Amino acid sequence: MSSADQHNFTVAERRILLDLARASIRHGLDEGSELRVRPEDYAERLRVQRATFVTLNRNGDLRGCIGHLEAIQSLVEDVSENSWSAAFRDPRFPPLVPHELPGLEVHISVLTPPKPMYFSSETDLLQQIRPGVDGLILQEGEARGTFLPSVWESLPS
């Protein structure tokens with residue numbers, strides 16, 4: 001989600017999504033499976049198809065990050081699935097265990113649909129992007145790198 005896009009959600013809607021993410025992680029700890037949500041139980045704005053990434057941090061360190069680049073399901077379904085996956089399926093980390101839940105920070109990035117960019121050099125690309133606002137998918141052939149808007153905070157320049 002670009003920083004501008006997050007303002008399209010009310011404080012209450014953001015709270016619902018964060019509570020859903022935590023509920024999915026808790027369900028994974030208790031039941032060993034992803035929390036299945038019924039989109040019809042949520043407001044229409046939370047049922048639209050949107051792609052999300054869920055990032056988990058613990059003690060300031062990355063603990064998991066999983067998401068989709070393209071919208072394939074409702075926002076609430078995507079948040080639930082990616083929260084569970086970030087906690088239990090990120091191949092860089094062992095599955096989350098109960099003692100890690102306290103202090104676990106959950107961050108949700110709701111992505112806007114990607115738009116192609118055309119550039120002729122690194123300088124040209126850098127002039128088109130807005131650090132801290134835009135996410136970026138760089139692709140050459142089959143290789144692809146993704147930078148969420150929140151990644152800008154961790155880059156030195």
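A residue is called buried when its relative accessible area is under 20%, exposed when that area is over 50%, and partly exposed in between. Arg 36, with a relative accessible area of 66%, is therefore exposed. These terms are applied below to a predicted model.

The strands are described first. Strand E1 covers residues 51-58, and seven of its eight residues are buried, so E1 is largely enclosed by the rest of the structure. Strand E3, which spans residues 104-111, has six buried residues out of eight, so E3 too is largely enclosed by the rest of the structure. The two strands E1 and E3 run antiparallel and are joined by eight bridges. Within this pairing, Thr 52 stands opposite Val 110 of E3, and Thr 55 stands opposite His 107 of E3.

E1 is also paired with strand E2. Six bridges connect E1 and E2, and these strands run antiparallel. Thr 55 takes part here as well, its bridge partner in E2 being Cys 65. Thr 55 of E1 is thus matched with His 107 in E3 and with Cys 65 in E2. In a regular strand, side chains alternate between the two faces of the sheet.

E1 and E2 form a hairpin with two residues between them. Asn 59 is located in the loop that links E1 to E2, the latter strand comprising residues 61-67. The phi angle of Asn 59 is positive, at about 55°, although this residue is not a glycine. Asn 59 has a relative accessibility of 64%, which is over the 50% limit, so Asn 59 counts as exposed.

A second loop, between helix H3 and strand E3, contains Pro 102. Pro 102 is exposed because its relative accessible area is 58%, above the 50% cut-off. Pro 102 and Arg 58 are separated by 44 residues in sequence, while their C-alpha atoms lie 8.8 Å apart in space.

Helix H3 itself runs from residue 75 to residue 88 and includes Ser 83. The relative accessible area of Ser 83 is 0%, so this residue is buried. The side chain of Ser 83 reaches the backbone oxygen of Val 79 at a distance of 2.6 Å. When neighbours within four places in sequence are left aside, Ser 83 is in contact with Ala 21, Ser 24, Ile 25 and Val 54. Two of the elements described here supply partners of this list: helix H2 spans residues 11-31, and strand E1 spans residues 51-58.

Charged side chains were examined next. Side chains of opposite charge can pair when their charged atoms come close. A search of the whole structure finds nine salt bridges. One of them joins the side chains of Arg 26 and Asp 30, with an N to O distance of 3.3 Å. Both residues belong to helix H2, where Arg 26 and Asp 30 are four residues apart, about one turn of the helix. Arg 26 counts as partly exposed at 36% relative accessibility, and Asp 30 is likewise partly exposed at 49%.

Another salt bridge links Glu 34 to Arg 36, with the closest N and O atoms 3.5 Å apart. The two partners fall into separate accessibility classes: Glu 34 is buried, with a relative accessible area of 14%, whereas Arg 36 is exposed at 66%.

Arg 38 and Asp 41 form a further salt bridge, in which the closest N and O atoms are 3.1 Å apart. Arg 38 is partly exposed, with a relative accessibility of 49%, and Asp 41 is exposed, with a relative accessibility of 51%. Arg 38, Glu 40 and Asp 41 are joined into one network by salt bridges that share partners.

The surface also carries a nonpolar patch, formed by Met 117, Phe 119, Leu 138 and Phe 147. Together these residues have about 310 Å² of accessible area. Leu 138, one of the members of the patch, is found in strand E4, which consists of residues 136-140. Leu 138 has a relative accessible area of 32% and is therefore partly exposed. A residue of such a patch must have over 30% relative accessible area, a condition that Leu 138 meets at 32%.

Key
Residues numbered from 1 in each chain as written. Predicted model: local features only at pLDDT ≥ 70, side-chain atom pairs only at ≥ 80, totals over all residues. Heavy atoms only, no water. Patch = residues over 30% accessible without salt bridge, like charges linked within 9 Å, V, L, I, M, F, W, Y side chains within 5 Å. Areas by Shrake-Rupley, 256 points an atom, 1.4 Å probe, with all protein chains shown as cover. Salt bridge = Lys/Arg side-chain N within 4 Å of Asp/Glu carboxyl O. Buried < 20%, exposed > 50% of the residue type's maximum accessible area, 1.4 Å probe, protein only. Polar contact = N/O pair within 3.5 Å; in protein donor to acceptor, adjacent residues only side chain to side chain. Contact = heavy atoms within 4.5 Å. Pairing = 2+ DSSP bridges.
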